[in-house]
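Please open the model in your viewer and keep the sequence panel beside it. The stops below are meant to be selected one after another.

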Amino acid sequence: MNAVKLRLRIYLLLLLLVMVIGCFGFMYFEGLSFIDSLYMNIVTMSTVGYGDIQPTTVAGKFVVIFVIVGGVVSFVGAISNATEIMIYKGEDKRHHEKINMVIGAFFSEVGTELLGFFCKFDKNIDKIRSDMIINDNWDEVMFSEIHKTITDHFFEFEFEGKDLHGIRNFLMTRREFLVRLLENPILLEHERFTRLLREVFHLAEELTARTKLDDSPISDIQHIANDMRKACVLLVHQWLDYMLYIKKHYPNLFSFSSRVNPFVADATAVVSE
């Protein structure tokens, strides 16, 4: 895509250069005014042909040859690359839609509930809870600001081994779903979400590999807490991106996701006045 944009800029620059040289060439060699030179330049480049004005000198004819060859080549090149960019944009939009469909499925099946577990374990959650109550009045600036807030927030998880049964059982039931997502080739181009899936899958592996969570030593609790922190930071940022996307494109999905916001205590899908 970037290469196509570069080629388009080059062809447009060449087209402009041909027009400038053509105009000044006709003015110098043919003694035409600027308007007549511009008119003759456009007529030549468009290969329409001449009527009332035509070159009368040898130098003027060479200018015509230059304008025809250079103008047609640069014009066709510019149109070709502009068309290619439009096609790319259409494909990119469809690709973006597919990725967000997968991300939406992830939050429906795993992400939202997993965020709920993380919020439950984070002892500092009250510092950001009110900032995470997203509503219809939020714009891109507010989403950008809350991303910075999350980056600066330290998720400090506090729990005992016995508290991990719920999140372990939840991730075990979603293991097959997570594996299918990891196998989806469309996600390879979405670096943050791919990293998020790997961290969540790693956390699931860590928890399922332990048969006796209740007797976990402090060192192991700290290790799991660190894995949670890595997954949580990526998860929250991805959740914010997803909320912004559905707010723009799918108000009904945004309404539901806002009602089940994992940062809201006692959140419910029930619509109340």
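Begin by selecting helix α3, which supplies seven residues to the lining of the largest pocket, the largest share of that lining; bear in mind throughout that this is a predicted model. Add α8 and α9 (251-259) to the selection, since α3, α8 and α9 each give at least two residues to the lining. The pocket itself holds about 280 Å³ of space, and of the 19 residues that line it, those closest to its centre are Gly104, Phe107, Ser108, Tyr242 and Ser257.

From the pocket, move to the largest nonpolar core, where, of 59 residues, Phe106, Phe118, Leu164, Ile167 and Met228 touch the most other members. The elements to colour here are α3 (58-121), α4 (140-152), α5 (165-173), α6, α7 (191-208) and α8 (218-249), each of which gives two or more residues to this core. The largest share, 16 residues, comes from α8. As background, nonpolar side chains in soluble globular proteins tend to be buried together.

Centre the view next on Ile167 and display its surroundings. With neighbours within four places in sequence left aside, Ile167 is in contact with Leu114, Phe117, Phe118, Phe121, Leu203, Leu207 and Met228. Another core, of eight residues, lies apart from the largest one, and Val18, Met40, Val64 and Val67 are among its members.

Now select helix α6, residues 175-182, in which Phe177, Leu178 and Leu181 are buried. These three residues are on the same side of α6 because they cover an arc of only 95° around the axis.

Continue to Glu206, which has its place in helix α7. Is Glu206 buried or exposed? Its relative accessible area is 15%, so Glu206 counts as buried, the cut-off for that class being under 20%. Outside its neighbours within four places in sequence, the residues in contact with Glu206 are His223 and Asp227.

Finish at Ser33, in the loop between α1 (2-30) and α2 (34-45). Ser33 has a relative accessibility of 38% and therefore counts as partly exposed. A polar atom of the Ser33 side chain lies 3.2 Å from the backbone nitrogen of Asp36. For a last distance, draw a line from the C-alpha of Ser33 to that of Cys23: the two residues are ten apart in sequence, and their C-alpha atoms are 9.2 Å apart in space.

Methods:
Residues numbered from 1 in each chain as written. Predicted model: local features only at pLDDT ≥ 70, side-chain atom pairs only at ≥ 80, totals over all residues. Heavy atoms only, no water. Buried < 20%, exposed > 50% of the residue type's maximum accessible area, 1.4 Å probe, protein only. Helix = DSSP H or I, 4+ residues; strand = E, 2+ residues; numbered from the N terminus. Arc of directions from axis to C-beta. Core = buried A, V, L, I, M, F, W, Y, C linked by side-chain atoms within 4.5 Å. Contact = heavy atoms within 4.5 Å. Polar contact = N/O pair within 3.5 Å; in protein donor to acceptor, adjacent residues only side chain to side chain. 1 Å grid on protein atoms, 1.4 Å probe; cavity = no way out; pocket = protein on both sides within 12 Å on 5 of 7 lines; lining within 4 Å. Points joined across faces, edges and corners; volume = space filled by probe spheres on them.
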